[in-house]
Amino acid sequence: MSRTISRFSRLIIACSMFTGFILSSQPTRAAGTGAQDIPTIHAILTSPPNVPPPTHRSSPAKVIVELEVVEKEMAISEGVKYMFWTFGGTVPGSFIRVRQGDTVEFHLKNNPGNKMPHNIDLHGVTGPGGGAASSFTAPGHESQFTFKALNEGIFVYHCATAPVGMHIANGMYGMILVEPPKGLTPVDHEYYVMQGDFYTSGKYREKGLQPFDMEKAIDERPSYVLFNGAEGSLTGEKALTAKTDQKIRIFIGNGGPNLVSSFHIIGTIFDKVRYEGGSNFQKNVQTTLIPSGGAAVVEFKTPVPGSYVMVDHSIFRAFNKGALAILKVDGPAKKDIYSGKELDSVYLGDRAQANLGAVSIASKAAEQGTLTIQDQINAGAQLFAGTCSVCHQTNGAGLPGVFPPLAGSTFLNANPQRAIGILLHGLTGKINVNGNEFDSVMPSMSQLNDDEVANILTYVLNSWNNKGARISASDVKAERAKSVTAAPAGH
């Protein structure tokens, strides 16, 4: 009898193991879809400005997204470092692409080398906190939650750990695209661009490692307004590219944390704008508003070659805070549409050049105490091209009767130190240069930092048959301090 029971028990165990094997081998089933079998897919994540390929799926899937938070020091401008907090190691964070109806299994990892806890709030999630409450993650840990992508659109995601504004201001934002069931219409290029405002203790382009300034952030006074987390991230050799007669789609977002973006591309008109990331669109749009924490999709064609400048049309942000990018279109000219003659320097400033490498070299040399006059001249030449050459010309000749020459200037050579005050405070009234009288206005260039003023003047004073002199950053700092001391009390 005992042997019979033993055989029977072994038979039950064997059957149970076989049944378990059969069950574990079944395809994944989506929650709430009954008997419908759906595949499991690991999402392809891309770094900006790249976009993952279309899903090309006719039905929903279970999509596994794995995203790591990394705190890392990176360049925010030439010679300027900042400690960014990132999703995936970039600003903005990795681009996520899913399909409406997908079930998304989200894994958020906080790198063990990080110092702060983080989480994620995805605007494409239907549920309290957009996933924030389910994803609070300490350094060295991982959190997991699941959501269903109910609504199509382009949605921002960001960190929502207190203080929320600080986490976003340090670069913790990105975008998730939820494709409609039939997908998006085909285009030749898709690009990923996000604007953000940054708050450093030093002024715009002040060199060295710059810490976050909470007071500036609260007062909404950004030092930088940038596309894709760094000045020059989309210019020179990093510019977006296309060929003539192609169709371009840009997913353009605004991480904020504070400013609204007036997105515009100089020299083109958007054929279609899906405004605020939703399902509706407008046609023939010049400039589109993108709220903080919002996004849009712009589509346009490229019939004419050239450099197309992308800006926040709150225009001082573009030329004095860094919100400027380039789309470089190559192909044959079409004179019937546009006659030609580009003058990129008018729009690009010092970003008309491939990069500002000489500025970085001078900055590093200054930090190490090895800065030479030649380093300053090289850096000054690059800065002059974008800051001063439109009026004073690339050869320093100026414009007769309008702008005085800098080449062989009797006015400059008589007192090189005087030039510091002119750049910082401007100059109005009649002056005599090389025997000719000029009566024009030199605006204040006080937005330039001490290194930039010193390097530009050193370049000018050692070019075009001028007598030569060297201006230091400390000279500029001393002159700037004089104006602060002499300023009347505020009212």
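**Exercise 1. How many disulfides does the count come to?**

Step 1. Before counting, know what you're looking at: this is a predicted model, where local features need pLDDT of at least 70, side-chain atom pairs count only at pLDDT 80 or more, and totals for chains, interfaces and linings use all residues. Residues are numbered from 1 along each chain as its sequence is written, and side-chain values use heavy atoms, with hydrogens and water left out.

Step 2. Get the rule straight: a disulfide is a pair of cysteine sulfur atoms within 2.5 Å. By that rule the count is zero.

Step 3. Try Cys-388: it is in no disulfide, and the nearest cysteine sulfur, in Cys-391, sits 8.7 Å away. Coming from the other side, the sulfur of Cys-391 has its closest cysteine sulfur in Cys-388, and 8.7 Å is too far for a bond.

Step 4. Now check how covered they are. Buried means under 20% relative accessible area, exposed over 50%, and partly exposed in between (1.4 Å probe, protein chains only). Cys-388 is buried at 16%, while Cys-391 is partly exposed at 31%.

**Exercise 2. Find the residues with the most contacts inside the largest nonpolar core.**

Step 1. A nonpolar core is a set of buried Ala, Val, Leu, Ile, Met, Phe, Trp, Tyr and Cys residues joined through side-chain atoms within 4.5 Å.

Step 2. The largest one here has 27 residues, and Ile-250, Ile-252 and Phe-263 have the most contacts inside it.

Step 3. Zoom in on Phe-263, taking contact as heavy atoms within 4.5 Å. Skipping neighbours within four places in sequence, Phe-263 is in contact with residues including Phe-227, Ile-252, Phe-270, Ile-290 and Met-310.

**Exercise 3. Work out how strand E5 is paired and covered.**

Step 1. Helices (H or I, at least four residues) and strands (E, at least two) are DSSP runs, numbered from the N terminus. Two strands pair if DSSP finds at least two bridges between them.

Step 2. Look at E2 (residues 62-77): eight bridges join it to E5, and the two run parallel. Ile-64 has Glu-105 in E5 as its bridge partner.

Step 3. Turn to E7 (residues 142-148), which pairs with E5 in the antiparallel sense over seven bridges. Here Phe-106 is matched with Phe-145.

Step 4. As for cover, seven of the eight residues of E5 (103-110) are buried.

**Exercise 4. Lay out the open sheet of six strands.**

Step 1. Write down the order, E12-E10-E14-E19-E16-E17, and note that the pairing is mixed.

Step 2. Pick out the edges: E12 (224-227) and E17 (282-285) each pair on one side only.

Step 3. Look inside the sheet: E14 (residues 247-256) and E19 (residues 294-301) pair in the antiparallel sense over eight bridges. Arg-249 stands opposite Glu-299 in E19.

**Exercise 5. Describe helix H6 and what it packs against.**

Step 1. H6 (residues 357-368) has 12 residues and spans 17 Å from first C-alpha to last, close to the 16 Å expected. That expected span is 1.5 Å times one less than the number of residues.

Step 2. List the covered part: among the buried residues of H6 are Ala-358, Val-359 and Ala-362. The buried residues of H6 pack against H7 (373-387) and H11 (450-461).

Step 3. Check what comes next: H6 is followed by Gly-369, with a positive phi near 75°.
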